[in-house]
2 protein chains.
Amino acid sequence: MMEAFKAHLEQVINISDDEFESILSFFSTKTFEKHTYLIKIGEPAPYEYFLLRGLVKAYQTDRSGRQYIVHFGLEGWWILEIEAFQRGTNATLDVECLEDTVVLYISATDKERLCLSIPKMEHFFRVKSGWAHAALQERMLMDMNASTIERYDALIRQDPSLYHRVSQNLLASYLGVTSETLSRLTST
Amino acid sequence: MMEAFKAHLEQVINISDDEFESILSFFSTKTFEKHTYLIKIGEPAPYEYFLLRGLVKAYQTDRSGRQYIVHFGLEGWWILEIEAFQRGTNATLDVECLEDTVVLYISATDKERLCLSIPKMEHFFRVKSGWAHAALQERMLMDMNASTIERYDALIRQDPSLYHRVSQNLLASYLGVTSETLSRLTST
């Protein structure tokens, strides 16, 4: 699984095996069972996670119990509650594992140490942060401006395995429609 | 105005006057008149702008002519169409000046050169990018989950001068309601 992490870093930077070992020394690994939480609303969220294996959903729940899914996350995604991670505040998002999930994780302090110690990683995180921002902006524009079926197609195009790994109920929740509506839209 | 830019950088990094001169040498300045565009849909968007003075709106327009305002931007904001800037594709957003606007701007290539030449700036942009991402996520969660008046209050709290500088029509467009609805909500 660590080879996948190295390949992920090499999308942006070139690293030797020795550098990779140094980078890895800043991270720890952990396995979360299905239905446990990486991040809980109202609690500190001091870690940034890299998903080696598994699937999560990041969501908020309103007063009536309705879930708003902000995003799914699967192999190759970085997961954090960015405000809580950066400012040490409590999380305003839940991140729950939909499958058994294996992660690398790093604290905010260790991330700063890593970036100071290995400047290539500062570059990596700057570039990745830009990509994440672009993806979030595209998601927001689609939420504003695209039809439900266009948004469904975009989600499945981006992560085809979601089609098999996530229930129609959850896909409908991500799209902000009922599962009946989604079923009707995707059957036509 | 350059003092404001230096103070902005010093929110994240400490820089000497000499370093500031070096940083500035990577940027150019330009004035855009009211109603001209920093970024046009369908055209390349090769620059990142820092607003020294002025006010812009970033928006998309749907087939029926309805405007979706993604954000306003004023003094101290960085403005770019991140996907087009990073990948050299064409812009999918319009950014129009609502007032005469003075900017510093830098190309993607020069931004990479700046980060290589002055590593503190790599750090600056990584940290700022994280903040921008956090702000965008907060906006998206509020769009999903908060009332119109809560979103109005959050916008004005973040940038109080918008209350005087932007028409009620545009604020309503940002909130996704008619100006009549906004007027009713804010008069009670």
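**Exercises on a predicted two-chain model**

Ile41(A) touches Tyr59(A), Ala91(A), Thr92(A), Leu93(A) and Asp94(A), leaving aside residues up to four places away in sequence; contact means heavy atoms within 4.5 Å. The model is predicted: local features need pLDDT of at least 70, side-chain atom pairs count only at pLDDT 80 or more, and totals for chains, interfaces and linings use all residues. Residues are numbered from 1 along each chain as its sequence is written, chains are lettered from A and ligands numbered from 1 in the order in which they are written, and side-chain values use heavy atoms, without hydrogens and water.

**Exercise 1.** State the confidence values for chain A and for the complex.

Solution. Step 1: pLDDT is the predictor's confidence in each residue, from 0 to 100. Step 2: chain A has a mean pLDDT of 92, and 99% of its residues reach 70 or more. Step 3: for the complex, the predictor gives an ipTM of 0.85 and a pTM of 0.89.

**Exercise 2.** Locate Ile41(A) and classify its exposure.

Solution. Step 1: Ile41(A) sits in the loop between strands S2 (37-39) and S3 (47-53) of chain A; strands (E, at least two residues) and helices (H or I, at least four) are DSSP runs, numbered from the N terminus. Step 2: buried means under 20% relative accessible area, exposed over 50%, partly exposed in between (1.4 Å probe, protein chains only). Step 3: the relative accessible area of Ile41(A) is 39%, so this residue is partly exposed.

**Exercise 3.** Do the same for Lys111(B), and list its contacts.

Solution. Step 1: Lys111(B) belongs to helix H4 (residues 108-117) of chain B. Step 2: its relative accessibility is 10%, so Lys111(B) counts as buried. Step 3: beyond residues up to four places away in sequence, Lys111(B) touches Arg126(A) as well as Glu48(B), Phe85(B), Ile106(B) and Phe125(B).

**Exercise 4.** Determine how helix H8 (residues 168-175) of chain A is oriented to helix H9 (residues 179-187) of chain A.

Solution. Step 1: axes are lines fitted to C-alpha atoms, for helices over the stretch in contact, with angles from 0 to 180 degrees between N-to-C directions. Step 2: the two axes come within 8 Å and cross at roughly 95 degrees. Step 3: angles under 35 degrees count as roughly parallel, over 145 as roughly antiparallel, 65 to 115 as roughly perpendicular and the rest as oblique. Step 4: H8(A) is therefore roughly perpendicular to H9(A). Step 5: Gln168(A), Asn169(A), Leu171(A), Ala172(A) and Leu175(A) in H8(A) meet Ser179(A), Leu182(A) and Thr186(A) in H9(A).
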